[in-house]
Amino acid sequence: MGAPPQQVALARLLRRSPTSVLIPGTCSVAHLRENVAAAALELPADALAERDGIAA
C-alpha cells in the first residue's frame, strides 16, 4: 500500500469507528508525522476487507 504497516494499522482502526480516539506512543518527530499521516491514508475497500477477515 506504500505505507508502513503501523500507519496502515492506525488508518484501519480510524476507519472502523469514527468515534475512536487513538493515542499511539512516539519517541521521534518522524514517527509522529507517520501517525498523523495515517488519518489521511486512503485504504482500498478490498484491503480493509482482507484485514478484517484475518481476525475472523
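A residue counts as buried when its relative accessible area is under 20%, as exposed when that area is over 50%, and as partly exposed in between, using a 1.4 Å probe and protein chains only. By that yardstick, 18% of the 56 residues of this chain are buried.

Before going further, a word on what you're looking at. This is a predicted model, where local features need a pLDDT of at least 70, side-chain atom pairs count only at pLDDT 80 or more, and totals for chains, interfaces and linings use all residues. Residues are numbered from 1 along each chain as its sequence is written, and side-chain values use heavy atoms, with hydrogens and water left out.

How sure is the predictor? Its confidence in each residue is the pLDDT, on a scale from 0 to 100. The chain averages 79, and 93% of the residues score at least 70. Helix 2 (residues 29-37) comes out highest, with a mean of 85, while helix 3 (residues 45-54) is lowest at 74.

Now the overall layout. Helices (H or I, at least four residues) and strands (E, at least two) are DSSP runs, numbered from the N terminus. Here there are 3 helices and 0 strands, so the pattern along the sequence reads α-α-α. The C-alpha trace spans about 35 × 25 × 20 Å along its principal axes.

Next, who touches whom? A contact means heavy atoms within 4.5 Å. Take the contacts between residues at least 6 apart in sequence: 72% of them join residues at least 24 apart.

Q7 makes a good stop on the tour. This residue sits in helix 1 (residues 5-16) and counts as buried, because its relative accessibility is 10%. Leaving aside neighbours within four places in sequence, Q7 is in contact with E34, A37, A38 and L41. Follow that last partner and you find that L41, with residues up to four places away not counted, touches A3, Q7, V8, A11 and R15.

L41 also belongs to the largest nonpolar core, whose 6 residues are V8, L10, A11, A38, L41 and L43. Such a core is a set of buried Ala, Val, Leu, Ile, Met, Phe, Trp, Tyr and Cys residues joined through side-chain atoms within 4.5 Å.

Finally, step back to P4, in the segment before helix 1. With a relative accessible area of 27%, P4 is partly exposed. P4 and E34 are 30 residues apart in sequence, yet their C-alpha atoms are 8.3 Å apart in space.

Notes
pLDDT = per-residue confidence, 0-100.
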